[in-house]
Structure formats: structure tokens, C-alpha cells
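Student: I've got a model open and would like to talk it through. Can you take my questions one at a time?

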Amino acid sequence: MRWAVKFGPSVGNRLLVLVGCQTAMAILMVVTAVRAFSSAAADYRHMYGFQVSSIVAIGLAMEEAASLKAGIRSTELEDFYHRYRMEWETASGTTPEAIRFRKDLLKIGETGLPQMETKVVMDLGRALRKGDIPGTQENLATLQDINRRYAELENRAATERLKNARFWLLVIGVAGTVLTWLLGLHVIRAIAPRIRNLVSNVRRFQETGTHERIGDMGKDDIAVLSNAIDAGFSAIASREREREQFLSVAAHELKTPVTTIRGYASLLATAPRDSFDTSRALEVINRQSWRLSRLIEALFLAGRARSGNLQFKPKPLDMSELVGRVLMEMEPFLSKKTFAPRIARNISILGDEALLEHALWCLLTCAVTLSPQNSKVEVALEGNQCASLSVDIHGSDIPMPEVHELFLPFRSLQYETGDGMRSPIGLYLCREIVRVHNGQLYVHSVSELNPEFLMELPI
Amino acid sequence: MTTRVSRDSVLVIDDDPYLCELVETIGQTCGVPVLRANDCSSGLKILESESRRIKMILLDYFMPGMQPLDCAGAIIERAGSTIPVVLLTAAVDPSARAAELKISRWVSKPFDASTLINLLTESSALSKKSRR
């Protein structure tokens, strides 16, 4: 049963059945041929060893009998008689060939011949004992006729057996060939269209980049392969969609600061200086350029994180100071939202300051984006067993599953907040940076509408 | 550069405060008053109260608190046929986005000041023509 479960209709098993069938046919043909040839050889050996030899011996005995005078006993004839009884008498022979020959005689209805041989041999013995020369000659002549007839019948039986063997070889050969063809066709029909479908699907994907599910419902190796290809292609297609979405979001995000930079720059270049506040224009250009460079850096780091090449250069740093600085830098970008910081002093860790600064920007940007207007984002840093930064959002109406999705690569917030800050890389980069620091970043729901982000870094 | 004085105003609805400020500054240089809204509902409120002053609406694609199609639909409905709506978008495919929102005109971000000046002054000229 266990074997039957394992022996499923796989391609290998189908081919094994096909090859097994061919092998069985070949073995059957060889066995049939060997048996036929062995049987024919035995028949001819028997024919020579018994009938031909006995006919020759009978001939010599007849010559001996012809030279005898009446009433004289011949030792040679008596030796012949004993030898014939011992070796050549078909009716009483015990060799396999003699037994088979008797069966052949039975089959063709020649049962009288062995009886006649027995009678003639008995008569010959009596004639020899009496010195009856004419009787001896007559019996020897009859015995020779019987043996000639035996030889003739045995030759016919051997020929018949060879004919039968040829017939069966032909039948087995034809049946084997037909069976092999049928099995081959079955294997081809079971495999070839599916392989063609698979290949055309792969080619279509190569040429167009679009993936149509192969959906092979079988249970064999090809179905396993098809499902694996399906999974692979759909992962590639999904990555491609993700990449396109990312490029689209990245382009959108990059265009936002570029729009104001270009707008103010072109205004400075063409409009009269007294028609607008030029110092404000320069300030906006400066701020937006800084924002743009930060965005580009974040996108670059996200790309590196995606390929596993995030370079990590740790040095001792004051985490309290870094968090305070980032919060201060972000303040100008906040409108109608504020941070409520609670930062413990002098928490030192071993980390990459540039990377952690990006991580904090990503995390705090997401937190601000998720928080409603006129709300406070609570930021607390503690340093007991590890540097633990918690970011609490109050009154967020964004469902938790969507917040969790922000940890996926290239997942961005689809909401625009009016805060002048957006993160096109979601929390993916943040989590990757924390991960290279051997820390962890996660989000949990403190209560309804109150998600809390926790960043923990080893001290 | 020609600077025209017009009583007609342009309403810009964009969640990026820097962009609203830029449009307002450009409006100053060509004498077009600019009304600012940072989200769709604020834009609808301004449109309700100041519709007589507004000659053109510059609308961003993404708006906080409302889906783009709903926001554009509400703005277009409130604006009626007299106030043209122009889509301001940083999307890769601005024409497709405009068609999606059933808006016939669009300006792709980033743009330079002259593009917006031409748009605002065209609006002023149109409004003057219509008043005659």
C-alpha cells in the first residue's frame, strides 16, 4: 500500500512502466526462442541418437542375420537385441526426449506404433533364442520400418514445434510492439501537450513579461514543475508590479519638491524681484532641496537594503541626542501636528548614525502621516536593557492591516497629508536598518485607533 | 513679463503647502488673487463661499480624506460649467489621470512659473471676455 502511494503517475514512473514493458517483452521473446531452439535441438538429437542410430544398427543386424545359417545363434545379434531394449526402444524409453516423443505420438494418434514395436522386439527375442533366421530377418525389417516411421514422425513433430515457436515469437513480437506503441502514445499524450503548454507559457512570459497561470491540475512531476513555474512567474510579475508601483510613487515623491524648486527658480530667473518675496523663495528652494536629497538618499538605501548590500559602519553614538536632533529637524515640516517627546538622556549605543537618522526619519514620517490633524505624536526613548523608542499615535483611522503593509518593500503611504513629508519607502528601510543593528521594529495596537511603533536597539 | 490686475481669483487645492504658496506667489506676480485649500473638504467650503470670485480651480490628484475620483467629482459638480477645473499632478501618466477624473485640462508637475502665469492670465482674459 505504501509502495502504491509512492508509485504515483509521475513522468519517471510512466517511462519506467514503458521500459519495463519493453524489457518484459524482450525477455519473453528470448525465453520463447531459447525454449523453441532447445526443444528443436533435443528433438534432432533424439532423432539422431535413437532413430538414425537404431536404423543404422538394425541395418547392420540385418546384414549379420543374412550371413547366419539356420540354427546358429549370433552373439552380435543378441548384443544388438539387448542394446536395442536398453537404449533405443521408444515404447519403454525413460529419457525426457523418449517420454516427450511418446506424448507427441499420442497427440497425433499413433499409439499403435509403440505397441507394434514392443511386439516386434518380443518376437525378435524369441526368434533369436530359437535361431529362427527368417523370423529374425522379418522382425528386424519390421523394426527398421517402425524406426523409419518414428524418425519421420519425430522430424514432423520437431518441424511443427519450430513452426509454433516462430508463430509465438511473431505473436509476442507484434503484441509487444503494439503494446509498446500504445504505452508510448499514452506517455506522449499524457506529457507532450503539457510540456508544450509549459514551454509556450515560458516563451510568452519571456517575450511579453505577462504571466498567465498554467494551472496544471495533474499530480505528477510536470504538475509540480508547472506549479513551481507558476509560483516563480507570479512572484516575478508581482515584483515587477511592485517595482513599477515603486517607480511611480518615487517619481511622484521626487517631483513634489522639484515642482516648488523649479517654480521658484524660474520665478527668480524671470519675474521682477520686487514682485514677490525672494528671500522666502530661496528659503523654500533650500528646504525643498534638502528634502529632495534626503528622499534620493532614502531611495538609494532602500534599493541597497533590497539587494542585501546595506553598508553598516557602527560607532558609539548618543541615541538620545540623535532622536532629539531628528525631532528638531522635522519640526519645520509639521503643520497642525506636534511631537510630544519624552527622551531619557545619555543613552549610548553602538550604531551607524547616518543609517539610524534615516530610520528615525522614516519612522517618524510614517507616524506623522498616520496621525490625524491637530494631534500629538508621543515619542519616548528609554534605556533600560536596550534603547527602546516608542512612537504613539492617537486617533488614527487607518486600519492596522494597512499599517502592517507599510513594512513591505516599496510599499508607500497612499495618503498625502499636507505636512510636506511623505515616505515613499514606508517602514521597509527603517526595519532593515534596525535589523542590521541587531534590533527589532514592530507595531502593535495599544487600543483602538492607537497604534504604537516600537524600535528596540541593543545597548 | 506682463502683469495683469484682475479681480478674479484662482482656487488651488493641493495638500503640499509649498505648492500652494508657490501658486499664490506666482498669482501675486501676475495680479491674480489665489485662494488656498489643503484638502478637498476645505476646497469645497471655499468654493461654496467664494464661487463668485473664482475663475479657475487648480486641483491636485491625491487629496487627504477623500478618493481622487470622489474629490474631483464633488469639485466639478460644485464648480459647474462656468469654472474650469485644471488638474495639477505629479503622476507619471497625467493625461490618463485627467481622463480618469473627467478633467480635460491638466498641468504636469514640475512646471515652471511661465506655464502657470500663462494659465492664470488666460483665466483672467477669459473672465474679462465673459463679463463683457
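Student: How many helices and strands are there in chain A?
Tutor: Keep in mind that this is a predicted model. Going by the secondary structure of chain A, the tally is 12 helices and seven strands.

Student: What share of the residues of chain A count as buried?
Tutor: Buried here means under 20% relative accessible area. Chain A has 459 residues, and the part of them that counts as buried is 45%.

Student: And how much of the accessible surface of chain A belongs to carbon and sulfur atoms?
Tutor: Start from the total, which is about 24,700 Å² for chain A. The part of that surface belonging to carbon and sulfur atoms is 59%.

Student: Let's go to the rings. Are Tyr84(A) and Trp88(A) stacked or edge-to-face?
Tutor: Searching the whole structure gives eight aromatic pairs over all chains. Tyr84(A) and Trp88(A) make one such pair, with 6.3 Å from centre to centre and 65° between the planes. Since planes over 60 degrees apart count this way, the pair is edge-to-face.

Student: Which helix holds Tyr84(A) and Trp88(A)?
Tutor: The two sit four residues apart, about one turn of the helix. Tyr84(A) is buried because its relative accessibility is 1%, and Trp88(A) counts as buried because it has 5%. Both belong to residues 75-88 of chain A, helix α3.

Student: Which residues do ring pairs link into a cluster with Tyr84(A)?
Tutor: We've already met one partner, since Trp88(A) pairs with Tyr84(A). Ring pairs bring in another residue as well, so the cluster joins Tyr84(A) to Trp88(A) and Phe80(A).

Student: Is Thr90(A) buried or exposed?
Tutor: Thr90(A) is in the loop between α3 and α4 of chain A. Leaving out residues up to four places away in sequence, Thr90(A) touches Gln51(A), Phe101(A), Arg102(A), Glu117(A) and Tyr150(A). Its relative accessible area is 2%, so Thr90(A) is buried.

Student: Now the surface: how much accessible area does the nonpolar patch with Leu185(A) have together?
Tutor: Leu185(A) lies in helix α6, residues 133-208 of chain A, and counts as partly exposed because its relative accessibility is 42%. The other members of the patch are Leu170(A), Val174(A), Val178(A), Trp181(A) and Leu182(A). Together, the patch has about 630 Å².

Student: Last one, in chain B: which residue lies over the face of Tyr61(B)?
Tutor: Look for a charge sitting over the ring. At 4.4 Å from the ring centre of Tyr61(B), you'll find Arg97(B).

Definitions and conventions:
Residues numbered from 1 in each chain as written. Chains lettered and ligands numbered in written order. Predicted model: local features only at pLDDT ≥ 70, side-chain atom pairs only at ≥ 80, totals over all residues. Heavy atoms only, no water. Patch = residues over 30% accessible without salt bridge, like charges linked within 9 Å, V, L, I, M, F, W, Y side chains within 5 Å. Areas by Shrake-Rupley, 256 points an atom, 1.4 Å probe, with all protein chains shown as cover. Salt bridge = Lys/Arg side-chain N within 4 Å of Asp/Glu carboxyl O. Buried < 20%, exposed > 50% of the residue type's maximum accessible area, 1.4 Å probe, protein only. Phe/Tyr/Trp six-rings, centres within 6.5 Å; stacked < 30°, edge-to-face > 60°. Lys NZ or Arg CZ within 6 Å of the ring centre and 35° of its normal. Contact = heavy atoms within 4.5 Å.
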